[in-house]
Amino acid sequence: QRDHGTLIRQAMARLEEGGTLIFSTNFRRFQMDEGVASAFNVADVTGWSIDRDFARNQRIHRCYFIRHQKS
């Protein structure tokens, strides 16, 4: 939780404009850094990423697609 903002910003600095960073965590109380959410297009795709075998526990992980904002 503590360092994810820095990690995401560093990865995004190396990602091409059309690329997508897939960020996933199993920290159950995870909250996306507000600075990341305002600097990039962040889509919570957790529901899409959970396999049917784990559907009974939606809090198994969190997953996001992160892209550069269009200029």
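This is a short tour of a predicted model, stop by stop.

**Stop 1: the sheet**

Start with the strands. Select β1 (21-25), β2 (residues 40-44) and β3 (62-68). They form an open sheet of 3 strands in the order β1-β3-β2, with antiparallel pairing. β1 and β2 stand at the edges, and each has a single partner strand, so one side of each lacks a neighbour in the sheet. From one strand to the next, the twist averages 25°.

Now look at how the strands are joined. Between β1 and β3 there are 5 bridges, and these two strands run antiparallel. Between β2 and β3 there are also 5 bridges, again with an antiparallel run.

Keep β3 selected. How many of its 7 residues are buried? The number is 5, so β3 is largely enclosed by the rest of the structure.

**Stop 2: across the strands**

Pick out a few bridge partners. On the β1 side, Ser24 has Cys63 in β3 as its bridge partner. Thr25 stands opposite Arg62 in β3. On the other side, select Ala43: its bridge partner in β3 is Phe65. Then select Asp44, which stands opposite Tyr64 in β3. Remember Tyr64; the tour returns there.

**Stop 3: along β1**

Show the side chains of β1. They alternate. Leu21, Phe23 and Thr25 point to one face and are buried. Ile22 and Ser24 point to the other face and are not buried.

Stay on Thr25, in strand β1. Its relative accessibility is 14%, so Thr25 counts as buried. Follow the side chain of Thr25: it reaches the backbone nitrogen of Phe27 at 3.1 Å. Beyond its neighbours within four places in sequence, Thr25 is in contact with Phe30, His61 and Arg62.

**Stop 4: the helix over the sheet**

Select α1 (4-14). Which strands does α1 lie across? It lies across β1, β2 and β3, and runs at about 160° to β1.

**Stop 5: the core**

Now select Ile8, Met12, Leu21, Phe23, Phe30, Met32, Val36, Phe40, Tyr64 and Ile66. These 10 residues make up the largest nonpolar core. Which elements give two or more residues to this core? They are α1, β1 and β3. In soluble globular proteins, nonpolar side chains tend to be buried together.

**Stop 6: the aromatic rings**

Hide everything but the rings. The whole structure holds 3 aromatic pairs. Take Phe23 and Tyr64: their ring centres are 6.4 Å apart and their planes meet at 40°, so the pair is tilted. Phe23 lies in strand β1 and Tyr64 in strand β3, so this pair ties together parts 41 residues apart in sequence. Both Phe23 and Tyr64 are buried.

Next, add Phe30. Phe30 and Tyr64 form a tilted aromatic pair, 5.8 Å centre to centre, with 55° between the planes. Phe30 lies in the loop between β1 and α2 (34-39), and Tyr64 in strand β3, so the pair ties together parts 34 residues apart in sequence.

Step back and view the three residues at once. Ring pairs link Phe23, Phe30 and Tyr64 into a cluster.

Is Phe30 buried or exposed? Phe30 is buried, because its relative accessible area is 6%, and buried means under 20%. Tyr64 counts as buried too, at 6% relative accessibility.

**Stop 7: around Tyr64**

Centre the view on Tyr64. Leave out residues up to four places away in sequence. What does Tyr64 touch? From β1 there are Leu21, Ile22 and Phe23. Phe30 and Met32 are touched as well. Val42, Ala43, Asp44 and Val45 complete the list.

**Stop 8: out to the surface**

Finish at Glu17, in the loop between α1 and β1. Is Glu17 buried or exposed? Glu17 is exposed, because its relative accessible area is 58% and exposed means over 50%.

Now find Gln69. Glu17 and Gln69 are 52 residues apart in sequence, and their C-alpha atoms are 8.6 Å apart in space. Setting aside neighbours within four places in sequence, Glu17 is in contact with His68 and Gln69. The tour ends here.

Terms used
Residues numbered from 1 in each chain as written. Predicted model: local features only at pLDDT ≥ 70, side-chain atom pairs only at ≥ 80, totals over all residues. Heavy atoms only, no water. Core = buried A, V, L, I, M, F, W, Y, C linked by side-chain atoms within 4.5 Å. Buried < 20%, exposed > 50% of the residue type's maximum accessible area, 1.4 Å probe, protein only. Helix = DSSP H or I, 4+ residues; strand = E, 2+ residues; numbered from the N terminus. Contact = heavy atoms within 4.5 Å. Polar contact = N/O pair within 3.5 Å; in protein donor to acceptor, adjacent residues only side chain to side chain. Pairing = 2+ DSSP bridges. Axes fitted to C-alpha atoms, helices over the stretch in contact; angles between N-to-C directions. Phe/Tyr/Trp six-rings, centres within 6.5 Å; stacked < 30°, edge-to-face > 60°.
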